[in-house]
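Work through the exercises below with the model open beside the text. Each task is followed by a solution in steps.

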Amino acid sequence: MDRRQFLTATSAIALQAGAHALFPNLTEAMHTAAKPDFTLRIAPVSVELAPGKIVKTVGYNGTVPGPLLRMHEGVSTMVDVFNDTNVDELVHWHGLMLPAEVDGAAEEGTPPVPAHGQRRYTFVPKPAGTRLYHTHNAAGADLTKGMYSGQFGFLYIEPKSEPGNYDREVFLAIHQWEPSTAVHMGPPNNGLEISYQYASFNGKMLGHGEPIRVRTGERVLFRLLNASATDDLKIALPGHQFQVIALDGNPVLTPRAVNILQIGVTERIDAIVEMKQPGVWIFGATGDDERQKGMGVVIEYAGQKGEPQWIAPAKEPWDYGAFGKTQIPPDPDGKFELVFRKIPGERLRFNRWTINGKSFPDTDPLIVREGKRYRMVFRNESGDTHPLHLHRHTFEITNFAGKLMGGVHKDVVLVNPFSTAEIDFVANNPGLTLFHCHAQLHMDFGFMNLIKYA
Ligand SMILES: [Cu+2]
């Protein structure tokens, strides 16, 4: 470095230092303005489900589930997403009422987070409650992608005030791992189905994570998420009841105690459990096979020891109507009758799915007018259950399996085999709106449609 270069360098440093000294608040303000509230990094991750059982997948910030994002209702929030993978990604903010440009579905026009690139999502989170974020990529026949991967996490939107009638909250996300195609299920000419090798609560197989340690008399609020790519689940905690207070994060009209929780893909259940049966228990899937694959977590009371106990609960039907009220819903302004059918083994040996005889993207979009109330009538003419999800809007279940009801507001409804469900929603968030079956295997093979505002 000659003398001239030296002077230039030192004066630049002096200038920088001087600016900091003169305008400390300004530089700090500039820094803060650019600083995101959250950063998510999509990257390969190894998940140790149990000693020696390591699954390689893609997740957020090196953990599965991804970090719990706590946002505040109505407060503008910035999330920087970095994508360290070789494929364009999409982060969908599930259960939020967002503009289509940030909702996180390519079909609605949200731009992707480019491979080895980044993108900032800025939005005002609402409504309050237990939400989630997850990839909205299709997987198709590639069982490492989409929701088969570890790309999911809780997003909790704090309400402006919360009654908080519990001692503590525990977030639990359930996932299934190592999918493979299986031909043994369903009718003889059925397309390929999926079966899994392992399952986990919060990334650990039953018996391999830390137990949830509780004290007698404690009221624990479980916020549960089914983050399986394809399967609806039933879970129980022997000797205890679940006081269900919210479904899909929205408080229910009639909180009610049940012994078994049924939870469809991406559904959430908020339920309080009063700890009054001292012991060491398995909180897990009612199916023996699923528990053996790891679907569960140990609940350990203070001072109690021994093998975790499982007692099979008596069968109990799941009925959304139990958490609402019987009512004749007001007539909607418009009605869409939608029939769901399966065409066996037509897409890459997987089943093709149709809505009124057509598969996405060859479906006719549903046209709505802002401010009007619409009813969607789901007729499931297949032997599978379907978790129907509506983006960017909340709906009310107005008929479940032929019974009129109200008071239950959700963003996913699990429709039973050869059964029906009806939902009402108000078209109050203009922009392209996707609705689809949330089972990855169904949405990727035609079970999807768009709602357009006139
Ligand atoms: Cu489905």
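The exercises go from the whole chain to its domains, then to sheets and single residues.

This is a predicted model, in which local features need pLDDT of at least 70 and side-chain atom pairs count only at pLDDT 80 or more, while totals for chains, interfaces and linings use all residues. Residues are numbered from 1 along each chain as its sequence is written.

**Exercise 1. The whole chain**

Task: Find what radius of gyration the chain has, and state what a compact globule would have.

Solution.
- Step 1. The radius of gyration is taken over C-alpha atoms, and the globule rule is 2.2 Å times the number of residues to the power 0.38.
- Step 2. For 454 residues a compact globule would have a value near 22 Å; the chain has 24 Å, which agrees.
- Step 3. Along the principal axes, the C-alpha atoms fill a box of roughly 85 × 65 × 45 Å.
- Step 4. A residue is buried if 20 or more other C-beta atoms lie within 10 Å of its own, exposed if 12 or fewer, and partly exposed in between, with C-beta atoms placed from the backbone. Of the 454 residues, 41% count as buried.
- Step 5. Helices (H or I, at least four residues) and strands (E, at least two) are DSSP runs, numbered from the N terminus. The chain has five helices and 31 strands.

**Exercise 2. Domains**

Task: State which domains are assigned, and how many residues domain 1 and domain 3 each give to their contact.

Solution.
- Step 1. The bounds, which come from an automatic or database domain assignment, are 38–158 for domain 1, 168–318 for domain 2 and 334–453 for domain 3.
- Step 2. Between domain 1 and domain 3, the C-alpha centres are 23 Å apart.
- Step 3. Two residues are in contact if their C-beta atoms, placed from the backbone, lie within 7 Å. The contact takes 18 residues from domain 1 and 15 residues from domain 3.
- Step 4. On the side of domain 1 that touches domain 3, eleven residues are nonpolar, four polar and three charged. Here Ala, Val, Leu, Ile, Met, Phe, Trp, Tyr, Cys and Pro count as nonpolar, Asp, Glu, Lys and Arg as charged, and the others, Gly among them, as polar.

**Exercise 3. The sheet with E1**

Task: Give the order of the four strands in the open sheet that holds E1, and say which strands stand at the edges.

Solution.
- Step 1. Strands pair if DSSP finds at least two bridges between them.
- Step 2. Strand E1 (residues 38–50) and strand E2 (residues 53–60) are antiparallel, with eight bridges; Val 47 has Val 55 in E2 as its bridge partner.
- Step 3. E1 and E2 form a hairpin with two residues between them, and Gly 52 in the turn has a positive phi of about 85 degrees.
- Step 4. E1 runs parallel to strand E4 (residues 77–83), joined by five bridges. Leu 40 stands opposite Val 81 in E4, and Thr 39 opposite Asp 80 in E4.
- Step 5. The order is E2-E1-E4-E6, with mixed pairing. E2 and strand E6 (118–123) are at the edges, each with a single partner strand, so one side of each is left without a neighbour in the sheet.

**Exercise 4. Gly 153 and the sheet around it**

Task: Decide whether Gly 153 is buried or exposed, and place the residue in its sheet.

Solution.
- Step 1. Gly 153 is in strand E8 (residues 152–158).
- Step 2. The open sheet has the order E3-E8-E7-E5 and mixed pairing. Its edge strands are E3 (69–72) and E5 (91–94), each pairing on one side only.
- Step 3. Strand E7 (residues 129–135) is antiparallel to E8, with six bridges; Thr 130 stands opposite Tyr 156 in E8.
- Step 4. Gly 153 is buried because 24 other C-beta atoms lie within 10 Å.
- Step 5. Leaving out residues up to four places away in sequence, Gly 153 touches residues including Tyr 60, Pro 65, Leu 69 and Tyr 133.
- Step 6. Pro 65 is in the loop between E2 and E3, and the peptide bond from Val 64 to Pro 65 is cis, with omega near -5 degrees.

**Exercise 5. Positive phi outside glycine**

Task: Compare the settings of Glu 178 and Phe 418.

Solution.
- Step 1. Glu 178 is not a glycine, yet has a positive phi of about 55 degrees; for Phe 418, also not a glycine, phi is positive at about 45 degrees.
- Step 2. Glu 178 is in strand E9 (residues 168–182), whereas Phe 418 is in the loop between strand E28 (412–415) and strand E29 (420–426).
- Step 3. Glu 178 is partly exposed, with 16 other C-beta atoms within 10 Å. Phe 418 counts as exposed, with 11 C-beta neighbours inside 10 Å.
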